[in-house]
Structure formats: structure tokens, C-alpha cells
Amino acid sequence: MTEPALSLSRNDDFVWDTFNAAWYQEHNYGTLRPDDEEILQTVRDFFAAVYAEDRPTRKWHGIDVGPGANLYPSLSMLPFCESIRLHEYSENNVAWLRAEIQGGYGESWDAFWKILTENPAYRSVEDPRAALKKIADVNKDSVFRLDEVKVEGGSLLDLPAEQWDVGTMFFVAESLTGEKAEFEKAVRKFVHSLRPRAPFAAAFMKDSAGYFVDDQRFPAVAITEADVRECLTSLASNVDVRVLGQDASLRDGYGGMIIATGRAGDN
Ligand SMILES: C[S@@+](CC[C@H](N)C(=O)[O-])C[C@H]1O[C@@H](n2cnc3c(N)ncnc32)[C@H](O)[C@@H]1O
């Protein structure tokens, strides 16, 4: 009998701590790409509209799951939040995020912020660098532990654990594993960590065959917009799923980007 080939495809099979954050930031976000600009516009207008509609009595507590070396999901929540948890698994990415935010983030993010300020809700933030520094809380943790997270101290104390008012998760669920079941679990954990009706935005690579960060290979599940829709429909309401950037020029081996917005269900 032939032994099955050993294949590395689960989240645990990869060494996330050595993720080259500086390389990743420069390669993906050194300049603002048209596909990220379109995602920013979608997410910006969605969060601003929900905030105006819900008129919360206090600002939201937000979470960005797997931020890596990307600040724009956090920036998209900035005017609406009194705290943002950056829930990141990789040691290198955590160190990069802390240094980048505490030092006053780099100039390359100004182009991203400029797109956000085309919506008046964002113009209320006078100094986004200082605002992010003040409310960001970078934590080393896994998406798979989201429902075990007990928030201690600080402004989240008055919230029931694991229930955020707004959330983002960009290029994480399909890009942390080669297994469809783990992709679905990551999406489920993310949406379940939000309070009922909390708005969220999640972005995904379409048809990805995995990716390199510098010389290190990471896995992916080749999902489509139908997979995202199917996964979110049972977890959320007002789900809107769009495909963009189908010229797929960022790197080889993917078929565009998928952006999904919606409101968390009743869990
Ligand atoms: C392709 S990167 C996406 C980074 C960033 N969100 C972006 O928009 O570019 C995938 C991210 O998922 C993180 N990740 C991997 N496994 C994780 C886990 N179990 N829990 C949370 N994040 C994880 C990686 O460290 C990395 O930051």
C-alpha cells in the first residue's frame, strides 16, 4: 500500500512567527493599489452608514483579526471606535504593529487615510496617527481562540467577553490554512466574536493557491464568492459580497479579491 504524501496544509503546520512583516507591508501596501482603494471605499461607506443609522450612545469597541502589517482595516474603524483590538497571531507582525503604531505610522498610510476622508465621517478625526496610537491595543492571539479571549482591564471591561461592536478580518480566513473546514471555522469564530447586529467587513483572496512572504511560503484555500456567501449567510444578515481586482496583478496564483460586509447574526 502506498503511503499518502505528507502535506502541510493546516494552520498549525506553518511557522507564523517568522512572517516578514516589513517585506509584506512594502510589497502589499507600500503604495495604494486600485483594488485596495475600492475595498476602502466600500468599507468606509458601509461603516459610516451603519454608525449613522444605529446612532450608538457610546463609540464602538472594534476588533481587527489578523492585521498582519496592514493598518487600513483599523483606519476604516477609527472615527467610530473608542478601542480597537488588533488580534494577531504572528510574533513578528505583533512587534511590527506595536512599533508602527507607537512611533506614529509611516507616510505610506496617508494615501489610504485620504480615501477614507472623502466620507465626512472620517474628517472628524484631526490626527489619525495620534488617534490610532491612543485606542489601538495589539495582542498576540489566534482567531481560533476568539471565544476564549477574556479581556482584562481597560475600556473593554464593561463589555461581555468576546463581543465586539464592529469587526474586520482581511485576507486571513482563506490565507491561514489550506483546509476548507479551517477557513469556515475562522469565519465562524470571527462573526461569533461580534455582538448581534454588529457591522463587519471581511476581505478574501479569490482562488488563491498560497503565497510567498519574502522567501517563506504560506497556505491558502482556493475559495470563490459563492463560498463566502454560503459561509456568511448562516452567520449574518445584510450580507453583501463583491468581487473586484480581477486583473489580479498583485502576484501570481489568485483570481481577484472578495469583499463582504454585513451584520453579525444572533450567534
Ligand atoms: C495574508 S496575511 C493578511 C494580513 C492583513 N490582514 C492584510 O490585510 O494584509 C494573513 C494573516 O493571518 C495571520 N494569522 C495566521 N494564523 C492566524 C491565526 N490562527 N489567528 C489569527 N491570525 C492568524 C498571519 O499572521 C497574517 O498576519
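1. Ile259 is buried, because its relative accessible area is 2%, under the 20% cut-off. This residue sits in strand β9. Its contacts, leaving out residues up to four places away in sequence, are Ile39, Thr42, Val43, Phe170, Ala202, Ala203, Asp240, Val241, Arg242 and Leu244. Ile259 and Arg145 are 114 residues apart along the chain, and their C-alpha atoms are separated by 24 Å.

2. A word on confidence. This is a predicted model. The mean pLDDT of the protein chain is 91, and 91% of its residues reach 70 or more. Two stretches call for care. Over residues 153-161 the pLDDT is below 50, yet the model gives this stretch 13 contacts beyond near neighbours in sequence. Residues 1-5 also stay under 50. For residues 1-5 the model has zero contacts beyond four places in sequence. Where pLDDT is low, the predicted coordinates should not be read in detail.

3. Helix α2 covers residues 34-54. Does its length fit, and what span should be expected from 21 residues at 1.5 Å a residue? The expected span is 30 Å, and the end C-alpha atoms are 30 Å apart, so the two agree. The buried residues of α2 are Asp35, Asp36, Ile39, Leu40, Thr42, Val43, Arg44, Phe46, Phe47, Ala48, Val50 and Tyr51. Charged side chains are on that list: Asp35, Asp36 and Arg44. Of the buried residues of α2, Ile39, Thr42 and Val43 are among those that touch Ile259. An α-helix has 3.6 residues a turn, so residues three or four places apart point the same way.

4. Helix α7 covers residues 180-192. Its 13 residues should span 18 Å at 1.5 Å a residue, and the end C-alpha atoms are 18 Å apart, which agrees. Buried in α7 are Glu182, Phe183, Ala186, Val187, Lys189, Phe190 and Val191. The cover over these residues includes β1 (60-65), β4 (166-170), β5 (199-205), α8 (225-233) and β9 (257-264). Strand β9, home of Ile259, is thus part of that cover.

5. Ser74 is in helix α3 (residues 72-77). Its relative accessible area is 0%, so Ser74 is buried. Ser74 touches Asp64, Ile84, Leu86 and Leu132, with residues up to four places away in sequence not counted.

6. The largest pocket holds about 520 Å³ of space. Its lining has 37 residues, and Phe19, Tyr24, Phe171, Val172 and Tyr211 lie nearest its centre. By class, the lining has 20 nonpolar, eleven polar and six charged residues. Helix α1 gives the most, with five residues. Elements that each supply at least two residues are α1, β1, β2 (81-88) and β6 (211-213).

7. Phe19 deserves its own point. This residue is in the segment before α1 (21-29). Is Phe19 buried or exposed? Phe19 counts as buried because its relative accessibility is 5%. Phe19 touches Tyr24, Ser90, Asn92, Asn93, Tyr211, Val213, Gln216 and Phe218, not counting residues up to four places away in sequence. Two of these partners, Tyr24 and Tyr211, are also listed with Phe19 as nearest the centre of the largest pocket. Phe19 and Leu75 are 56 residues apart in sequence and 22 Å apart in space, C-alpha to C-alpha.

8. The second largest pocket has a volume of about 190 Å³. Its lining is made by Lys59, Leu78, Pro79, Cys81, Ser124, Val125, Asp127, Ala130, Ala131, Lys134 and Ile135. These divide into seven nonpolar, one polar and three charged residues. Helix α6 (residues 128-135) gives the most to this lining, with four residues.

9. Check some backbone angles. Most residues other than glycine have a negative phi, and most peptide bonds are trans. Arg55, just after α2, takes a positive phi of about 40°. Arg197 is not a glycine either, and has a positive phi of about 75°. Arg197 lies in the loop between α7 and β5. Its relative accessibility is 40%, so Arg197 counts as partly exposed. Asp207 has a positive phi near 50°. Asp207 lies in the loop between β5 and β6. At 35% relative accessibility, Asp207 counts as partly exposed.

Conventions: Residues are numbered from 1 along each chain as its sequence is written. This is a predicted model: local features need pLDDT of at least 70, side-chain atom pairs count only at pLDDT 80 or more; totals for chains, interfaces and linings use all residues. Side-chain values use heavy atoms; hydrogens and water are left out. The expected span of a helix is 1.5 Å times one less than its number of residues. Buried means under 20% relative accessible area, exposed over 50%, partly exposed in between (1.4 Å probe, protein chains only). Contact means heavy atoms within 4.5 Å. On a 1 Å grid over the protein atoms alone, a cavity is a set of points where a 1.4 Å probe fits but cannot get out, and a pocket is an open set with protein on both sides within 12 Å along at least five of seven lines; lining residues have an atom within 4 Å of a point. Grid points are joined across faces, edges and corners, and a volume is the space filled by probe spheres set on the points. pLDDT is the predictor's confidence in each residue, from 0 to 100.
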